[in-house]
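Dear colleague,

Please find below the structure that I am handing over to you. My notes on it follow directly after it.

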Amino acid sequence: MVEIRRVDAREILDCRLEPTLRVTVETESGSGRADVPCGRSRGEHEAVDLRDGDDRYDGLGVRTAVSNVTDTIAPALTGRDALEQRAIDRTLIDLDGTADKSALGGNALTGVSLAVLKAAADSVDLPLYRYIGGADAGVLPIPFFDLIEGGELASSGLAFQEHQVVPVGADSVTEAVRMSAEVYYELGDLLAERHGEASRNVGFEGGYTPIDVTDPRDAFELELAAIEECGYDDEFVLAADVAASHFYDEATGTYGLMDRRFDRDELLDFYEELTSTYPVVSLEDPLDQADFDGFAELTERLDIQIIGDDLFVTNPERLRTGFDRGAANALLLKVNQVGTVSEALDAAAAAHRHGYAVQVSERSGQTADTWLADLAVGLNAGQIKTGVSRSERTEQYNRLLEIEAAHGAISFPDGL
Ligand code: PGA
Ligand code: ZN
């Protein structure tokens, strides 16, 4: 047993200068500190991100969530065994008592759950990924680099949220990161040349934000040109997080894209055209988060990876609906969407049992905390998305590089 001695929380700032929680857990033999990420393009069914709603920080303060940790959660966890992650998470869920974690706050629960995980790993002297995955942890993830941003993440002209390049031809994370960085520099030059210097400005995840590019096909063309210019033609494929819920109009059942409205069938046809014209191997949230049937139809129709993010919100119950209906074939894993580490691990395990891939994901609001990189390796997920530039993103890459350098025997997936 590793006894928990102290649980504490503070309000800190994320990369958007918005408040979030930092939770610290001390045990008899170690400690862990975890920062809570925060989404902007959130799914409707995510665990509640508890905000103070008062005058401070435009209502975004997290002092209530902090005091829920120090006054309610800390007394319940002091003296407990940090190695019993599932029992700890069960206590958190019971203390909260609501289905959407709105009583104590999904952000409070996420911070405590992650800090317990990190404290336990530290207490038994294991790297975090090794503690999470045990002897089995051994696959580094292929990163999906969001080189051009749109939607809720940028003030560009694009409706699709992320236009990603995926270095499937790399044989290590070290090479994957280097090649993608070179494509990123080249794309910056290309954009500046064709669309003006301002198109080099970056969005929340460090990808470029050209104002006058409004067609995802043009974004893909630009990425392919940069890839070709670097001489990496066969080493990269493309992907996108469409985040379609955010340009869906419920009243008319249509999607606003490129200055026109698409109904579901037209959008499905558009995806078919996209994937037959470009080497697009993965689409995240191609349809509205309520449209399980549409996801199922697209999954059946296209022979590519279809990821559910807002669709599943890392929630084992919503995943089950997906399995039953054949909606999507991959899960985007975000711990704070569901609220505790155990529930996120359950979602990943269920996905794998049903033949769904798992992509471990950042939020657009992050800090320099690198538990995300360890989680991807610990789960053998084989895929990670963690933006591009800006230090809260590059710290994740730096952690993956560190794991690869320290543990050379670890493998890298041979394609998706
Ligand atoms: P979020 O967006 O972190 O702002 O929710 C990222 C995504 O939709 O994948
Ligand atoms: Zn998404």
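How far is an oxygen atom of ligand 1 from an N or O atom in the side chain of Lys334? In this model, which is a predicted one, the separation between these two atoms is 3.1 Å.

Ligand 1 has further polar partners. An N or O atom in the side chain of Arg363 lies 2.6 Å from an oxygen atom of ligand 1. In the case of Ser41, a backbone N or O atom is placed 2.8 Å from an oxygen atom of the ligand. There are 13 residues around ligand 1, and those that come nearest are Arg40, Ser41, Arg363, Ser364 and Lys385.

The second ligand is a zinc ion. Its coordination is provided by Asp241 (OD), Glu284 (OE) and Asp309 (OD), at 2.1 to 2.2 Å. Along the chain, these donors follow the spacing D-x42-E-x24-D. Glu284 and Asp309 link distant parts of the chain, being 25 residues apart. Glu284 belongs to strand 10 (residues 280–284), whereas Asp309 sits in the loop between strand 11 (305–308) and helix 9 (316–325). Are these two donors buried or exposed? With buried defined as under 20% relative accessible area, Glu284 qualifies because its relative accessibility is 1%, and Asp309 is likewise buried, because its relative accessible area is 3%.

I turn next to the sheet formed by strands 1, 2 and 3. These three strands make an open sheet in the order 1-2-3, with antiparallel pairing. Strand 1 (4–13) and strand 3 (31–35) occupy the edges; each has a single partner strand, so one side of each has no neighbour in the sheet. From one strand to the next, the twist averages 15°. Strand 2 (residues 19–27) and strand 3 run antiparallel and are joined by five bridges. Within strand 3, Ser31 is the bridge partner of Glu26. Helix 3 (residues 106–123) lies across strand 1, strand 2 and strand 3, and runs at about 145° to strand 3.

Finally, I draw your attention to Thr386, in the loop between strand 14 (383–385) and helix 13 (391–406). Thr386 counts as buried because its relative accessibility is 0%. Leaving aside residues up to four places away in sequence, Thr386 touches Phe144, Glu362, Leu372, Arg393, Gln396 and Tyr397.

With kind regards

Conventions:
Residues numbered from 1 in each chain as written. Chains lettered and ligands numbered in written order. Predicted model: local features only at pLDDT ≥ 70, side-chain atom pairs only at ≥ 80, totals over all residues. Heavy atoms only, no water. Donors = N, O, S within 2.8 Å, 3.2 Å for Na, K, Ca; no water. Helix = DSSP H or I, 4+ residues; strand = E, 2+ residues; numbered from the N terminus. Buried < 20%, exposed > 50% of the residue type's maximum accessible area, 1.4 Å probe, protein only. Pairing = 2+ DSSP bridges. Axes fitted to C-alpha atoms, helices over the stretch in contact; angles between N-to-C directions. Contact = heavy atoms within 4.5 Å. Near = heavy atom within 4 Å. Polar contact = N/O pair within 3.5 Å; in protein donor to acceptor, adjacent residues only side chain to side chain.
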